[in-house]
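Open the model in your viewer and keep the selection tool at hand. The tour goes from stop to stop, saying what to select and what is there.

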Amino acid sequence: MITPPSGRIRDSVSESTVIADPAVVAAPTVVADRVPARRTLAAWFFLLLTLASGTLLRYQWTGTVAPWFDSRYLLHAHSHVALLGWTFVAVFSLVFAAADPTEGPAPTGGRGSGAAAPGALRLLGEGLVFALILALFVAFLLEGYAFRSILLSTLHIGVTLGLMAGYMARARGGIDPGARPWIDASMLWLLLASVGPLLLSGGGRMGQGWIDAWVGYYLVLVFNGWLTFAVIGLLVGRGLLRSHSIVFGIMTLGVLPMVLPPLTAWIEIPLARRVGWIGALLFGSGLVMLGVGLLRDLASGAKRGPARPRAPAGLRAPERLRAPARGLLGSVAVALLALGVLGIIGTAPPLVPAVERTRMLVIGFIHLQLLGFVSAGLVLLLFPRSRGVAVWPFLLGSWAMILLLIGAGAVQLLGHPVRVPPQWVLAGTGLIALAGALLLPRIGAVPTGSSR
Ligand code: HEM
């Protein structure tokens with residue numbers, strides 16, 4: 001077994017599992033409760049836009065309807081609101097709530113009993129950021145990559161840099177020590193990623209290869225760097241995932257080599273692919289270790305004795321977590337494991353050309369990461385009390401889509417045709433996930449301490 005990194009964590013954590021230990025789980029506040037409602041609602045709204053635009057895209061691709069929007073533009077709108085809307089607002093809201101005890105209302109006393117009301121300037125700033133993301137979505141939807149959408153995306157990078165500076169300047173001191181390396185590293189990856197879109201602008205002179213290189217660089221750092229490290233850190237901070245210094249070390253070492261293959265694809269340097277694969281091996285091994293550890297913790301937690309009285313409302317140790325929350329954590333665990341294994345196999349240099357040609361496989365892998373792992377983790381952290389009626393359809397639709405894409409992709413990779421009408425089935429799975437997501441926030445009174 002891999003040992004926890006620091007004595008401090010070891011002290012507060014049971015040897016066998018972090019998540020079953022009430023000393024860790026029974027943190028004084030539930031982070032999600034300290035995310036101001038306006039931010040939770042904004043993140044939720046962008047999640048709904050992500051799911052709705054993805055589902056509409058599949059529906060348009062059935063070819064049986066006159067398209068509502070140009071599908072290329074709709075794809076850009078979907079991917080941008082997914083990353084710059086949903087994941088961006090959710091991650092930064094959760095990071096600031098975890099780092100800064102003065103954020104948002106206190107959980108037990110309800111409204112007004114926590115921090116002072118936010119100033120008008122802060123509210124205005126947040127409103128402008130939310131409006132910027134919405135405008136960005138509409139601009140991509142109506143004109144694809146063009147003057148307005150590029151201008152708004154560049155402004156979004158400015159907002160990102162501002163929030164990162166805010167985190168580095170004052171907020172990070174409050175982060176749980178086990179989570180802090182992950183969150184700090186996630187900010188570093190995001191900073192490095194932000195260089196990509198800025199360098200892209202030289203594409204006019206350098207050609208398409210240059211543009212693709214920096215897009216690839218950006219996506220590797222955002223998916224494998226920023227989002228992965230941030231979600232792991234947030235789960236560690238909540239005592240829901242075990243943190244290991246060795247896992248952190250190998251995953252950190254793995255990230256930068258992985259940017260080499262996309263960066264050099266246009267000048268074909270075979271060595272870059274091999275170095276990239278070493279990165280994928282390190283990174284993927286870390287994911288596998290985290291996934292296996294979490295699955296074991298979930299399995300052992302489920303077998304444990306009666307519920308412990310000190311566990312807080314909302315997120316709990318596995319035996320205290322309600323079934324929907326356990327389902328979301330299970331999704332995170334299975335996705336981590338699958339991402340590690342598929343990432344290592346799929347980036348093996350002899351397989352790369354065939355994998356890259358199989359679009360369904362690539363898209364399936366991306367959604368395994370962004371939906372099965374990142375979104376499930378963020379939903380768990382942001383909506384810890386959501387009911388089964390919301391969570392199960394969300395998970396069912398998401399996983400049906402992921403498995404269909406990866407399954408159909410694997411069939412294509414082996415040289416066989418896919419016979420089911422995948423766009424109809426995929427649109428159906430999207431609709432199920434969307435229906436669940438619509439019910440995620442629990443409207444009405446939420447009795448703190450109640451398990452329902
Ligand atoms: C109901 C759920 C979803 C559906 C139905 C859906 C659907 C789609 C579709 C149809 C595509 C284009 C596939 C292609 O070009 O072949 C796509 C791409 C993409 N989706 Fe989703 N999606 C969903 C959820 C999400 C979520 C939650 C995220 C991120 C948090 C996300 C991020 C992306 C990204 C980044 C791409 C662009 C991939 C690329 O072009 O390389 N999607 N999605």
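Of the residues in the largest nonpolar core, which touch the most other members? Select Leu94, Val95, Leu329 and Leu336: these touch the most other members of the core, which has 125 residues. A nonpolar core here is a set of buried Ala, Val, Leu, Ile, Met, Phe, Trp, Tyr and Cys residues joined through C-beta atoms within 7 Å. Helix α5 brings the largest share of this core, 18 residues.

Before going on, note how to read the model. It is a predicted one, where local features need pLDDT of at least 70, side-chain atom pairs count only at pLDDT 80 or more, and totals for chains, interfaces and linings use all residues. Residues are numbered from 1 along each chain as its sequence is written.

**The whole chain**

Show the chain as a cartoon: there are 17 helices and zero strands. Helices (H or I, at least four residues) and strands (E, at least two) are DSSP runs, numbered from the N terminus. Of the 452 residues, 47% are buried. Buried means that 20 or more other C-beta atoms lie within 10 Å of the residue's own; exposed means 12 or fewer, and partly exposed is in between, with C-beta atoms placed from the backbone.

Colour by pLDDT, the predictor's confidence in each residue, from 0 to 100. The mean for the chain is 83, and 81% of the residues reach 70 or more. Residues 1–29 have pLDDT below 50, and this stretch has 61 contacts in the model beyond near neighbours in sequence. Residues 304–316 are also below 50, with 35 such contacts. A contact means two residues with C-beta atoms, placed from the backbone, within 7 Å. Where pLDDT is low, the predicted coordinates should not be read in detail.

**Leu329**

Return to Leu329 and show what it touches. Leaving out residues up to four places away in sequence, Leu329 touches Leu240, Leu294, Leu298, Leu321 and Leu380.

**The ligand**

Next, select the ligand and the 25 residues that surround it; a residue counts as near if its C-beta atom, placed from the backbone, lies within 6 Å. The closest are Gly54, Ser79, Ala82, Leu370 and Gly430. At least two residues of the shell come from each of α4 (37–60), α5 (71–99), α15 (359–382) and α17 (422–438). Helix α15 gives the most, eight residues.

**Helix α4 and the loop after it**

Select Ala42, in helix α4. Ala42 counts as buried because 22 other C-beta atoms lie within 10 Å. Leaving aside neighbours within four places in sequence, Ala42 is in contact with Val89 and Phe130.

Move to Trp61, in the loop between α4 and α5. Is Trp61 buried or partly exposed? Trp61 is partly exposed, since it has 17 other C-beta atoms within 10 Å. Its C-alpha atom is 9.1 Å from that of Ala427, though the two are 366 residues apart along the chain.

**Helices α8 and α16**

Select residues 180–200, helix α8. Its end C-alpha atoms are 31 Å apart, which agrees with the 30 Å expected for 21 residues at 1.5 Å a residue; the expected span is 1.5 Å times one less than the number of residues. Buried residues of α8 include Trp182, Trp189 and Leu190. Among the elements covering the buried residues of α8 are α5 and α10 (208–237).

Finish at residues 388–413, helix α16, which reaches 36 Å from first C-alpha to last, close to the expected 38 Å. Just after α16, Gly415 takes a positive phi of about 90°.
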